[in-house]
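Here's a quick walk through one protein chain, aimed at the bench. Have the sequence and the 3D view open, and we'll go topic by topic.

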Amino acid sequence: MSIVEAKTTMASESLSLSNRRLRISWRRHAFRLLGGLFVTACFLIVAFAFLSIIGDVLVRALPALRWKLFTEVSTGMGGGLKNAIEGTIVLSLGALLISAPIGIAAGIYLNEYGDNLGGRSLRFLSDVLVGVPSIVLGYVGYITMVVYLGWQFSVAAGMLTLSIMLLPYIARTTELALSAIPSAVREAGFALGAGDGRVAFKILLPGAAPAIMTGLFYATALSMGETAPLIYTAGWSNYMWDGKFTNEPIGYLTYVIWTFINEPFAESHQLAFAAAFMITSGVLLLILTGRWLMIRRLRRMGSYSG
């Protein structure tokens with residue numbers, strides 16, 4: 001083969017390679033453009049659905065958003081929502097106070113000692129509990145606490161049922177938060193002579209606190225939006241809570257949404273949408289507060305770059 005033919009062959013191969021690279025480059029750009037358009041379209045769909053729901057609830061709730069909503073109790077299918085607001089706060093905070101210590105302790109155990117049979121079994125049961133419908137938990141709570149223990153419709157039955165529902169979420173959030181801490185942090189604690197308990201409570205938990213707090217806020221938001229477990233356990237009351245934990249029902253906002261919307265009265269519909277707006281606003285506020293606290297803590301620790 002002559003030098004001219006060799007140069008011609010090399011030029012041809014170089015041109016072919018350049019064309020192939022150009023085709024691949026254009027293909028990548030096309031897929032990147034299509035992927036970007038798909039992601040943007042999905043985001044716009046979700047944003048439109050969210051804003052349309054919030055806007056529709058707000059517009060329908062505006063006629064009922066008056067001061068008496070917070071100062072008067074419900075009377076039949078009208079009145080205010082003072083008793084329901086109080087009941088929602090009592091049930092949600094009570095469920096959080098019960099489930100948070102147990103869930104955090106379970107998350108610590110799963111992260112530190114969860115590689116054995118007991119840890120794998122606990123993790124499996126936690127995943128199963130997440131998939132159990134809330135109405136089933138409510139029915140179990142009705143059979144065990146309302147009927148068998150004789151508590152009747154009560155605050156204690158509603159709190160315990162909600163706390164059982166929140167336990168797997170808090171435990172898994174705690175486990176994931178602790179597992180995100182580098183192993184070098186644990187090893188440094190052990191190297192300084194700290195035991196397992198001191199490393200877990202003095203080193204790991206403070207570092208994972210932002211994520212755990214966010215999980216607690218999410219769990220509280222989840223409990224605020226539940227209806228089925230409370231219908232079977234907490235019942236309903238048009239009066240303010242008198243401080244009794246058993247043998248006394250309590251009001252809550254989701255019952256107003258579920259019941260009042262089916263009544264043929266305009267005032268009942270307005271109260272239902274007002275309760276829906278308050279629940280939605282409360283959940284959104286809790287989520288935003290959790291995110292803000294986590295970002296603030298991470299910035300103080302110097303590990304947030306957003």
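Buried residues account for 36% of the 306 residues in this chain. Keep in mind that this is a predicted model. The chain has 11 helices and two strands, and below we look at its salt bridges, its nonpolar core and its empty spaces.

**Overall layout**

- Starting at the N terminus, the elements go α-α-β-β-α-α-α-α-α-α-α-α-α.
- Take the contacts between residues at least 6 apart in sequence: 72% of them join residues at least 24 apart.

**Salt bridges**

- How many salt bridges does a search of the whole structure find? The search turns up four.
- As a reminder, side chains of opposite charge can pair when their charged atoms come close.
- R60 and D56 make one such pair, with 3.1 Å from N to O. Both sit in helix α1 (residues 3-61), four residues apart, which is about one turn of the helix.
- Are R60 and D56 buried or exposed? Neither label fits: R60 is partly exposed because its relative accessibility is 44%, between the 20% and 50% cut-offs, and D56 is partly exposed too, at 38%.
- R123 pairs with E175, and their closest N and O atoms are 2.9 Å apart. This salt bridge ties together distant parts of the chain, since R123 belongs to helix α4 (residues 117-131) and E175 to helix α6 (residues 155-179), 52 residues apart.
- E175 also meets R172 in a salt bridge, at 3.4 Å from N to O. Here both partners are in helix α6, three residues apart, or about one turn of the helix.
- What about accessibility in that pair? E175 has a relative accessible area of 11%, so it counts as buried, while R172 is partly exposed at 27%.
- Zoom out a bit and you'll see a network of salt bridges that links R123, D127, R172 and E175.

**The nonpolar core**

- The largest nonpolar core has 52 residues, and the ones touching the most other members are L81, L91, I170, L178, I212, L253 and V256.
- Helices α3, α6, α8, α10 and α11 (266-301) each put at least two residues into this core. Which helix gives the most? That's α8, with 11 residues.
- L91 is a handy one to click on. Leaving out neighbours within four places in sequence, L91 is in contact with V155, G158, M159, L162, L230, A234, I250 and Y252.

**The cavity**

- Rolling a probe the size of a water molecule over the atoms shows where empty space is left.
- The structure has one cavity of 30 Å³ or more, and the largest cavity comes to about 50 Å³ in volume.
- Which residues line the largest cavity? Its lining is made of T88, L91, S92, L162, S223, M224, E226, L230, Y252, L253 and T254.
- By class, that lining of the largest cavity splits into six nonpolar residues, four polar and one charged.
- Helices α3 (82-113), α8 (196-224) and α10 (253-260) each supply at least two residues of the cavity lining. The top contributor to the lining of the largest cavity is α3, with three residues.
- S223, one of the lining residues of the largest cavity, is in helix α8. With just 2% relative accessibility, S223 counts as buried.
- Setting aside neighbours within four places in sequence, S223 is in contact with S92, L162, M165 and L166.

**The largest pocket**

- The largest pocket has a volume of about 240 Å³.
- Around the largest pocket you'll find I85, T88, I89, S92, L93, T220, M224, L253, M278, G282 and L286.
- How many charged residues are in the lining of the largest pocket? There are no charged residues, and the rest of the lining is seven nonpolar and four polar.
- Helices α3, α8 and α11 each bring at least two residues to the lining of the largest pocket, and α3 gives the most, with five.
- T88, S92, M224 and L253 turn up in the linings of both the largest cavity and the largest pocket.

Terms used: Residues numbered from 1 in each chain as written. Predicted model: local features only at pLDDT ≥ 70, side-chain atom pairs only at ≥ 80, totals over all residues. Heavy atoms only, no water. Salt bridge = Lys/Arg side-chain N within 4 Å of Asp/Glu carboxyl O. Buried < 20%, exposed > 50% of the residue type's maximum accessible area, 1.4 Å probe, protein only. 1 Å grid on protein atoms, 1.4 Å probe; cavity = no way out; pocket = protein on both sides within 12 Å on 5 of 7 lines; lining within 4 Å. Points joined across faces, edges and corners; volume = space filled by probe spheres on them. Nonpolar A, V, L, I, M, F, W, Y, C, P; charged D, E, K, R; others polar. Core = buried A, V, L, I, M, F, W, Y, C linked by side-chain atoms within 4.5 Å. Contact = heavy atoms within 4.5 Å.
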